[in-house]
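Reader: Here is the model I would like to discuss. Please take me through how its chains meet.

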Amino acid sequence: MASINVNGVEIEIDEDGFIQDPDKWNEDVAKFLAKGEGVEEMGDDHWKVVNYLRDYYLKFQIAPMIRKLCKETGFSLKYIYELFPSGPAKGACKIAGLPKPTGCV
Amino acid sequence: MPEYKGMAQPVKATVEDLKKLRLVPVPDEKKVEEAIRLLDEARKKFRSFVLAMESCVKCGLCAENCHAYLGTRDPHNIPTNRAELIRKVYKRYFTLEGRWFGKLVGAEDLTLDTLEQWYSYFYQCTECRRCGSVCPFGIDTCEVTMIARQILYWLGMVPKLHVGGGWGIERVGNQTNVAKPAIVDTLEFLSEEIKDEFGVDVRFPVDEEADILYVPSSADYMLNPYTLMGAAMFFTYIGAKWTIPSFMSEAGNFGLLFDQRHLMRHLFMRLHDSAVNLGVKKIVWGECGHGWRAWKMYLPYFVDRPLRWEITHLHDEVAYYIRTNQLKLDPTRNSQPVTLHDPCNYVRACSPAGPYGHTENMRTIIRAVTVDFREMYPNREKNFCCGGGSAVLFDDPEMYQKRIQFSQTKADQIRATGVGKDGNGILCAPCSICKAQFYPMVEEHELGVTVHGLIDLVGKALVWK
Amino acid sequence: MAYFIVQILPYIAVTIFGLGLLFRLVRWAGARLLGTSHEITLAPFPQSPFQAGWVFLREIAFFRNVFFFDPSLWVGAWPMHMALFMVLGGHAVGFYFTGHQFVYIGMSPELSEYMSNLLGSVFGLVLLLGLIYLLVRKVSLVKTRQVSNPSDYLHLIFLIAIVTVGDIMRYFPQYGMHYEEVYEYFKALILLQPVPEFVFHNWFFITHMLLVQCLMIYFPFSKLLHLFGMFAMRWIENRVHIDPEPGLPGVDVAAARARGTGLPSAGGTA
């Protein structure tokens, strides 16, 4: 299995670049993963989305409904795609250290 | 990784992934031997499979009736050639002519390369059954695909995506991995959304004793808010005592797609137990194509106890209440041009003929809740697949490209209806896999439509006062 | 050699043909599950045995799927198969009644024989043209080349050879055999008696017999058994399936609307 090295810590990632152990996530990891998703600089809005996803995940062990994400952050889906070109599920969730979504999504 | 000797392949599940489903992969050096043994078992068991192996005349009719071949022009995506990947092995080991005149009839030894070829091409089949429907003899390549995928799974060759879903099923009861707290949270959120948008009080009862067990697709919790909202509004409108089970929170059934023997049955038993525990009288199914096929056509033969409940599809129920004039609907609330994508599993695997079959029921509903409905051609049981069927929803680059190609025929069909001409069209695709496939595909093909379920439109059109 | 072909081989060919068919069909029947582990009924589901029968009939008699989904295949396939059934039937009836079968519907013996000859000529030609059309199609289309094995071409070439020899005997009476002669020949075969002397002199007949017997020997082991396969497959797929009645328990829409379920003023849900 592949891994990335952030500040001297080895973190395992799967074939699609999702980190395997969500506990190893921190802001530096997020910044590192963001570069791979076409996000050069994590601005406040980026953090707002990522932190919301992270908090929701810690509480419910799953990403929120996309509609809820938009509502709670106050961003339109279009704006979220502007923030994260690879989309909320594959881009933002990956940066927030969530596992890859499965099922019919 | 997602390529093997030039063949695109979905990312495979790892040994650790498979361990979650308590499956030990067969080591490479034993794979061939084991595959032949499993194939022998399958041919002694399923007559549909034997006939698919032995009565094809290679007329080639299926080729241009398969969206996968039309989109990729890859000869192995011709349905009969896809089956030939197994047939050549079948002939070699199980028929006289194959043993004696191998070259002449195209029989071949099984090798690891062939198994990789199976893995590549049987996950490019979307199990839509269009080839079975148009074949002069009714040869159902979907059966072959299902058997191939089951064997590959037992060997340890299965996409990560499917195993992830399978693990979710065993862990929390659905393939999206949504556990009860998240379900309740999402449904409470949607209750507020309904209040905001439609001004009505609609509650989503979870795990309550009720008359009706409603089983939505778990993907709805992530992607399809209006499908959940529409169903809840319908049940509230008619004053039903209904509930959503959290123990079996999945209208789909990934077991059908790669492990019918265990996983499919596992989910069936979860439904059975939920129905007993909640004391329901009838089970109503949500918008999911492959799942509806599993529950409708497989459940009675797979579940471990006799079934005490009738199971119907939400569309059939809504159509019934529309036909009997019990719903007040305002179609002008869905005034945009609409076209209907017939999910393959409804129209080719689950619908009775006649005006009250599922196929016509969908039309009864859509005509009642929209003003500008346009059929796409061909439609009904002749319809083409969305290109994502059987959860071929892979997003690694090679397979994603395939998905775009698989949906090419569908995109042409949608464009021909003209609904997206002004960029405000609605593509009604009442199946979770179709929706998940179309959300990105309508963008890739620039179709100018938004994707909705059928029950979404019903919810919007209900007149409450 | 000729003696072997016309006197010995027929018994071998018929035996292999019969046992081979039995072997193949028993093997199909031995795969135990058809519609009992799961149903793979094709939608739209027939709602009565009559409707299911109609599906069988339209596919078998008219090749409906081929007509709608690959018309250019239908143009060759349907006439070819129909002509094949007529020719096979014509052989049986024509030789049994020595060309006088139409006497039973009121024709004179001469007219009957003329009709028999005419029908044989017409269908023999249609059959040949149909087979050639199918072979040309198989060779010229990319998709059919992609799906075909060598044996798939050989089947067609073999059938063309049989029909060509048959048609030569049909169109050139000097090479043919008359109804009574064939009748005598088969009578001798069936009664296990020595076959009449004259068959040894007609090499077209001997060739025709040889090819047909080869076909009979390999027929049960080939895809040519698709006629039976079609019945077996459709028996699994085209069957009656009735849905449960719609209508939900404990639901009274009129009462619910009168109560105003869902409306905020009604104070909540049902």
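Reader: How many residues does each chain bring to the contact of chain C and chain B?
Author: Two residues are in contact if their C-beta atoms, placed from the backbone, lie within 7 Å. This is a predicted model: local features need pLDDT of at least 70, side-chain atom pairs count only at pLDDT 80 or more, and totals for chains, interfaces and linings use all residues. Residues are numbered from 1 along each chain as its sequence is written, with chains lettered from A and ligands numbered from 1 in the order in which they are written. Chain B brings 76 residues, and chain C brings 70.

Reader: Which element gives the most to the side of chain C that touches chain B?
Author: Helices are DSSP runs of H or I, at least four residues, numbered from the N terminus. Those giving two or more residues include α1 (2–30), α7 (150–171) and α10 (226–237) of chain C. With eight residues, the top contributor is α10(C).

Reader: How many residues of chain A are in contact with chain B?
Author: Chain B puts 31 residues into this contact. On that side, α11 (160–172), α12 (180–198) and α22 (432–444) of chain B each give two or more. The largest share, five residues, is from α12(B). From chain A, the number is 14.

Reader: Which chains have the most contacts between them?
Author: Chain A and chain C share no contact. Their closest C-alpha atoms lie 23 Å apart. Two pairs of chains touch, and the most contacts are between chains B and C.
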